[in-house]
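Visitor: I have a model open beside me and would like to know how its labels were earned. Could you take me through some of them?

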Amino acid sequence: MSLCLNPDCLHNNNPTDKFCQKCRFQLLLKDRYRAIKLIGQGGFGKTFQAIDEDKPSKPYCVIKQFFPSTQGSNALKKAAELFKEEAISLDNLGQHPQIPSLYAYFTSNDGRQYLVQEYIEGENLEQELQSEGVFN
């Protein structure tokens with residue numbers, strides 16, 4: 001499966017398609033990262049499990065798409081700055097066993113910002129809280 005990254009589409013496509021069969025949006029980010037599953041969304045955007053098709057082992061990675069729900073030019077500008085600061089912070093931290101590594105940060109042809117990070121298998125915070133309860 002190849003999930004369209006167009007926020008107005010999100011159509012499921014064949015895993016070898018280069019363009020969305022519904023909206024014709026390009027499916028590979030930077031000709032290498034293919035979204036395969038939506039794993040989260042919030043006020044600043046969406047997060048997808050993806051595949052790095054540039055590597056022979058085709059490892060999983062995570063795509064964070066900046067797509068804020070905030071309105072107004074000042075709020076939007078501030079949100080974009082915070083997203084960029086996240087990328088800078090991740091880059092400055094480098095390798096750390098508790099933090100997913102940053103693989104890429106860029107702005108696509110359609111003007112959206114993206115982070116690509118290491119994929120770490122396991123439960124997310126919401127799932128952990130449901131199974132283990134509130135932390136002290």
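Visitor: What makes glutamine 49 count as buried or exposed?

Guide: Happy to start there, with the reminder that this is a predicted model. The relative accessible area of glutamine 49 is 8%, and buried means under 20%, so glutamine 49 is called buried. Glutamine 49 sits in strand β5. Leaving out residues up to four places away in sequence, glutamine 49 touches Arg34, Ala35, Ile36, Lys37, Ile39, Tyr60, Cys61 and Tyr119.

Visitor: Why is leucine 38 called partly exposed?

Guide: Leucine 38 has a relative accessible area of 34%. The buried label needs a value under 20% and the exposed label one over 50%, so leucine 38 falls in between and is partly exposed. Leucine 38 belongs to strand β4, and beyond neighbours within four places in sequence, leucine 38 is in contact with Leu3, Lys46, Thr47 and Phe48. Threonine 16, 22 residues away in sequence, is 18 Å from leucine 38, C-alpha to C-alpha.

Visitor: How do you know that aspartate 17 has no salt bridge?

Guide: A salt bridge requires the charged side-chain atoms to lie within 4 Å. For aspartate 17, the nearest side chain of opposite charge is arginine 34, at 6.7 Å, so aspartate 17 is left without a salt bridge although it is buried.

Visitor: What does the side chain of aspartate 17 have as a polar partner?

Guide: A polar atom of that side chain lies 3.1 Å from the backbone nitrogen of asparagine 14, and the limit for a polar contact is 3.5 Å. Aspartate 17 is in the loop between β2 (12-13) and β3 (28-29). Beyond four places in sequence, the contacts of aspartate 17 are Leu27 and Arg34.

Visitor: What makes lysine 30 worth a second look in its backbone?

Guide: Most residues other than glycine have a negative phi. Lysine 30 has a positive phi, near 55°, and is in the loop between β3 and β4. With a relative accessible area of 55% against a cut-off of over 50%, lysine 30 is exposed. Lysine 58 also has a positive phi, about 50°, without being a glycine. Lysine 58 is in the loop between β5 and β6, and its 43% relative accessibility makes it partly exposed.

Visitor: Why is α2 said to lie largely in the open?

Guide: Of its 8 residues, the number buried is 0, so α2 lies largely in the open. After α2 comes glycine 133, with a positive phi near 90°.

Visitor: How do you know that glutamate 121 is exposed?

Guide: Its relative accessible area is 64%, and exposed means over 50%, so glutamate 121 meets the cut-off. Glutamate 121 is in the loop between β8 (113-118) and α2 (125-132). Proline 7 is 114 residues from glutamate 121 in sequence and 25 Å from it, C-alpha to C-alpha.

Visitor: What makes up the lining of the largest pocket?

Guide: The lining has 23 residues, and Ile39, Ile120, Gly122, Glu123 and Asn124 lie nearest the centre. Two or more lining residues come from each of β4 (33-42), β5 (45-52), β6 (60-66), β8 and α2. Strand β4 gives the most, with 4 residues. The volume of this pocket is about 680 Å³.

Technical notes
Residues numbered from 1 in each chain as written. Predicted model: local features only at pLDDT ≥ 70, side-chain atom pairs only at ≥ 80, totals over all residues. Heavy atoms only, no water. Buried < 20%, exposed > 50% of the residue type's maximum accessible area, 1.4 Å probe, protein only. Lys, Arg positive; Asp, Glu negative; His and termini not counted. Polar contact = N/O pair within 3.5 Å; in protein donor to acceptor, adjacent residues only side chain to side chain. Contact = heavy atoms within 4.5 Å. 1 Å grid on protein atoms, 1.4 Å probe; cavity = no way out; pocket = protein on both sides within 12 Å on 5 of 7 lines; lining within 4 Å. Points joined across faces, edges and corners; volume = space filled by probe spheres on them.
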